[in-house]
Every structure is written in structure tokens, then in C-alpha cells.
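Work through these short exercises with the structure in view. Try each task before you read its solution.

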Amino acid sequence: MSVIKRKETIQVMVGDVAVGGGAPIVVQSMTNTDTADIDETVDQIDHLNKAGSELVRITVNNDAAAKAVPYIKEKLINRGVTVPIIGDFHYNGHVLLTKYPDMAESLANFRINPGNTGTKTRDKNFTTIVEQAIHYDKSVRIGVNWGSLDQQLLAEKMDVNNTLSEPKSAKEVMFDTMIESAVRSTELAKDVGLGANKIIVSCKMSHVQDVIEVYTRLSEVMNQPLHVGLTEAGMGMKGMVASSAALSVILQRGIGDTIRVSLTPQPGADRALEVEVAQQILQSLNIRSFIPQVTACPGCGRTKSTYFQELAEEIQEYIKESMPVWSKTYPGVEEMDVAVMGCIVNGPGESKAANIGISLPGTFEEPKAPVYIDGEHAKTLRGDNIGKEFKQILNEYIAKNYSNN
Ligand code: SF4
């Protein structure tokens, strides 16, 4: 469905999920529970997976978290949840992965941050983690992050830069170091004996232009599958817009095999919002479809009523609530387009372009709402039950066009 030409990358398996090598771009997320709290972590992994997260990462930061991992895995399996779990390691991954074999076995992938594996023993600790990945036949993600960039490597690059007749800016040296850290760590992992088909790479930054530049350059120098995301994207609207802006440009360049939207949730907000945003980015770019799209006009002075906004929202909610059942019963329904429009100016046009659309009357228009199905005027609704009747037409359309019977 997409016109984007994706960069060819090596395929890496994370459990039973393929990343790269032409596989669909995978949506992933991360829990924010205390991993040692087994039940809370199981609930959130289950919730994120049900929302569409195809991989879920959990922090493994201490003994209690490491001990909890096998129980988390077991409880998920008992619930029928088989989503691959990625362990996120910093500072002590080499210790925990050696000390807790059941934990290592339970995970599908180890995330290693090369900037956080130690100062004097950086390569030794990194090597230990890679050896554990080889031993347990797991893939890894070499996850470089600008907030925890390898300071030793950065200092070396700065020293070299200072000797140049035309030194680069500090920012350029930082970009170079991000990429070199990723490349160097990938080569080291391969030297230790880890296959190229076991290594995913990421280079996350928190500013849109920076992350676009770094991923574009990274993609030019390696064929490993890339995990793409804007790190510390921020809260609410800012986080969603910044992530969309960054990911859209990177994905449009054919770069990226798995994505995460790192939103800071509002207190008490649903963690799965980040999954919904990631799916929406992929669907808006015509890369993958997850849920029928509702096209609605913004409204203007031609319609004083808020009815069409309410109907658009009602239809969108109805689709969202129905998708767990529809996705099983009506394969392909996720590609359906629905239009809910506010007046005659663009209403019939947009409605005809959708699979099914309704054009509501504007302020001075006759109180009738024509419904279009596959470009043809099918029916005209009037009165107080337009929403209910439109949903009924929608149900009939789906049953007729997407049924697998
Ligand atoms: S379709 Fe009509 S109501 Fe909606 S934005 Fe366009 S002119 Fe305004």
C-alpha cells in the first residue's frame, strides 16, 4: 500500500516477530511499572499488547526486577499473551544476565546501551552481555542515546577534532560520536561472535532535526535493522507532534524497521496512547493499516451546529470499540475509509472518495444527509436517528465487503 522504497536491511527475529529484511514495520512500546511488581507489570504488558504493541520492553535494573522476569513471562503465557519481551539494561546488565539465567532465558532480546556499560570496563561488560545473548540465542538492540552517550568515545572524538585545521562544531562531533558508538558496538558484538542477524541498532535523540540527521546518516553506513524513535519526546500534544514530525521524515526516507513513540504520559493517563500514536503515524503514511480511518472536515462558518463533530467522534469511538471483534471477523476492514462531513461544499466529494461517507447539512441547507457508498449516492438520512442509522449502514457494509465466510 505504500509508495515508500524501504532500505534493505538484515532481518532479525525478536522472539517470533521479524524486524527488518522487508518485514512490516513493527510497533513497540515500553512499560513504566516497577518490574519487580509482577502483577502490575503483567497487566501493563497485556494492555500494551492488546492495544497493538508487537514488542514490549521492560526495565531490568536490579535483582528484584531480574528475579521477577520469569514469573512475568509465566503469567503472561497463562493469560495467552505471547508478545516478545525485551529487557532494558543499563550499568549492570552484564551482572544481572550472568546471575539470573531464568531471566535471560525469558527475554526475547536484550537492549544494551553502549554508553552505560561501564567506563574502564566498557568493552568487557559489553562483551559479557553479548556472550549471554549468544549463549541463550537471543537478539540484542544496541541502543545509543544522546543523553547517555559514551563519554570516553566523545572525549576521543573531541580531542581529534581539536587538532583539525577546521574543527567541526560540538554538535557535529556529537552526531559523529553517536554513529561511531553504534557502528563500533555492532562490530564489537560481531567480533565476539554474535551474528549480524541478531543485532538491531538505534541512535535516539530528543530534537526532531537531530534525530532525522543521525538516522539518515546511520542508515547510510549500516544494513542492520533500525529501531527508530524520538527519545524523551515529551508530554501530550508536544510529544505526539514532535514524534510524528521526526518519524514521518525518517520513515518517508525508507528508514526504520521498528518504531516507538516515547510519550511522557499525563499522570494517570493510559500508557497505550503511545501505541495508538505509533500506529496512526504508520497508517497516515500509508505504510500499515490498523484501524478504519475517519475523514472529517474541520468545520467552519457554513455549519454552526456541532452535530457533525459529535457524529465524527461517535463513529470514531464506535470503530475503536468494535475493532477487537472486527479485526478477527472482517479481515481487511482496517483499510476502510469513512467520511463524516459538515456541509455540501466538500461533503459529497470527500464522502464519494471514502468507502462510506455521510455529508451532513450545513446551516442554511435542507436538513438531509446523503450517504455515499463506494462513490455512489446510496441513501439519504433525515430526522433524529442519523447517527444510529449511519452505524447500521456501516455494519452492513462491513459484513458485506470484509466477511471471511
Ligand atoms: S465541508 Fe463545509 S462545513 Fe466542513 S469545512 Fe468544508 S465548507 Fe466548512
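**Exercise 1.** Which residue of strand 15 is the bridge partner of M341?

Solution. The model is predicted: local features need pLDDT of at least 70, side-chain atom pairs count only at pLDDT 80 or more, and totals for chains, interfaces and linings use all residues. Numbering starts from 1 along each chain as its sequence is written. Strands are DSSP runs (E, at least two residues), numbered from the N terminus, and helices are runs of H or I with at least four residues. The partner of M341 is S359 in strand 15. Now widen the view. Strand 14 (residues 337-341) pairs with strand 15 (residues 356-359) in the parallel sense, over 4 bridges. To pair, two strands need at least two DSSP bridges between them.

**Exercise 2.** Describe the sheet, then place helix 11.

Solution. The sheet is open and has 5 strands in the order 13-14-15-16-17, with mixed pairing. Its edges are strand 13 (293-296) and strand 17 (376-381), and each pairs on one side only. Helix 11 (residues 307-329) packs on this sheet and touches strand 13 and strand 14. Contact requires C-beta atoms, placed from the backbone, within 7 Å. The direction of helix 11 makes about 160 degrees with that of strand 14. Axes are lines fitted to C-alpha atoms, for helices over the stretch in contact; angles run from 0 to 180 degrees between N-to-C directions.

**Exercise 3.** How far apart are the centres of domain 1 and domain 2?

Solution. Start with the bounds, which come from an automatic or database domain assignment. Domain 1 is 12-284 and domain 2 is 293-402. Their centres, taken over C-alpha atoms, are 40 Å apart.

Technical notes:
Contact = placed C-beta atoms within 7 Å.
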